[in-house]
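Reader: Please take a close look at the salt bridges, and at the surroundings of the residues that take part in them. A connected account, with the cut-offs stated, would be appreciated.

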Amino acid sequence: MAHRLRPVDLGFVGTAPVRHVFTRELAASPEAVHGALTDVPGWADWFPQVKAARAVDAGAGRDITLGGGVRFRETVLAAEAPEVYAYRVDVTNAPGARAIVEEWRLTPAGSGTRVRWTFATDGTAAYRLFMRAVRAGQARAFRDAVTALERRLTA
């Protein structure tokens with residue numbers, strides 16, 4: 001059953017009770033990486049857990065479906081090329097979640113890009129415990145996604 005989450009702002013990335021931060025360098029430019037992030041339908045081509053993605057509300061929002069049927073209706077909080085792309089989950093069917101913001105921060109690294117993904121969340125005690133337990137899985141998902149994205153952008 002879908003439920004509405006707390007409408008937090010981008011500042012939540014720094015204050016959330018559970019924060020997972022992952023970093024990786026890619027050979028692609030920040031402009032190319034940012035372009036891929038803002039191409040919402042393209043996420044299903046390079047982020048293995050994303051099974052369907054579409055922009056809504058004239059690009060101000062996103063509908064995302066993950067493997068296993070988890071769904072998110074999101075609001076884009078920042079799309080400042082080529083430095084940041086961030087969104088808040090407004091509605092989800094994930095049990096126990098109360099607030100989620102994801103931020104993709106891009107900085108030049110030589111001729112490529114350092115990508116930092118922050119997953120910031122809050123929820124019930126059981127949800128917070130679960131999210132801490134799946135950190136390693138999120139790290140693998142991030143690694144696999146940015147590896148696929150790099151292949152796509154540098155082919």
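Author: A salt bridge is counted here when a side-chain nitrogen of Lys or Arg lies within 4 Å of a carboxyl oxygen of Asp or Glu. The model is a predicted one, in which local features need pLDDT of at least 70 and side-chain atom pairs pLDDT 80 or more, while totals for chains, interfaces and linings use all residues. Numbering runs from 1 along each chain as its sequence is written, and side-chain values rest on heavy atoms, without hydrogens or water.

By the salt-bridge criterion, a search of the whole structure yields eleven salt bridges. One of them joins Arg114 to Glu25, whose closest N and O atoms are 2.4 Å apart. Arg114 belongs to strand 8 and Glu25 to strand 2 (residues 18-26), so this pair ties together parts that are 89 residues apart in sequence. Helices (H or I, at least four residues) and strands (E, at least two) are DSSP runs, numbered from the N terminus. Exposure is graded by relative accessible area: buried under 20%, exposed over 50%, partly exposed in between (1.4 Å probe, protein chains only). Arg114 is partly exposed at 34%, and Glu25 is partly exposed too, with 43%.

A second salt bridge is that of Arg6 with Asp122, where the closest N and O atoms are 3.6 Å apart. Arg6 sits in the loop between strand 1 (3-4) and helix 1 (12-15), whereas Asp122 is in strand 8 (residues 112-123), so the two partners tie together parts that are 116 residues apart in sequence. The exposure of the partners may be set side by side. Arg6 has a relative accessible area of 37% and is partly exposed, while Asp122, with 12%, counts as buried.

Asp122 has an extensive list of partners once its neighbours within four places in sequence are set aside. With contact taken as heavy atoms within 4.5 Å, Asp122 touches Arg6, Phe12, Pro17, Gly96, Ala97, Arg98, Ala99, Tyr127 and Arg128.

A third salt bridge links Asp45 and Arg152, with 3.5 Å between the closest N and O atoms. Asp45 lies in helix 3 (residues 43-46) and Arg152 in helix 5 (residues 135-154), so that parts 107 residues apart in sequence are tied together by this pair. Asp45 is exposed, at 53% relative accessibility; Arg152 is partly exposed, with a relative accessible area of 43%. Salt bridges can also share partners: Arg6, Asp122 and Arg128 are joined in this way into one network.

Arg152 leads from the charged pairs to the nonpolar interior. Outside its neighbours within four places in sequence, Trp46 is in contact with Arg152, as well as with Ala36, Leu37, Trp104, Asp144, Ala145, Ala148 and Leu149. A nonpolar core is a set of buried Ala, Val, Leu, Ile, Met, Phe, Trp, Tyr and Cys residues joined through side-chain atoms within 4.5 Å. The largest such core has 35 residues, and Trp46 is among those with the most contacts inside it, together with Trp43 and Trp104. Helix 5 gives the most to this core, with six residues. Another core, of seven residues, lies apart from it and includes Phe12, Ala16, Val101 and Ala120. Phe12 has already appeared as a contact of Asp122.

Helix 5 also holds Arg140. Arg140 is partly exposed, with a relative accessible area of 46%. The C-alpha atom of Arg140 is 27 Å from that of Ala2, a residue 138 places away along the chain.

Finally, some backbone features in the loops deserve attention. The peptide bond from Ala81 to Pro82 is cis, with omega near -10 degrees, and Pro82 is placed in the loop between strand 5 and strand 6 (84-92). In the loop between strand 3 (50-56) and strand 4 lies Asp57, whose phi is near 55 degrees, a positive value in a residue other than glycine. Ala58 is found in the loop between strand 3 and strand 4, and its phi is likewise positive, near 55 degrees. Asp57 is exposed at 56% relative accessibility, and Ala58 is exposed at 90%.
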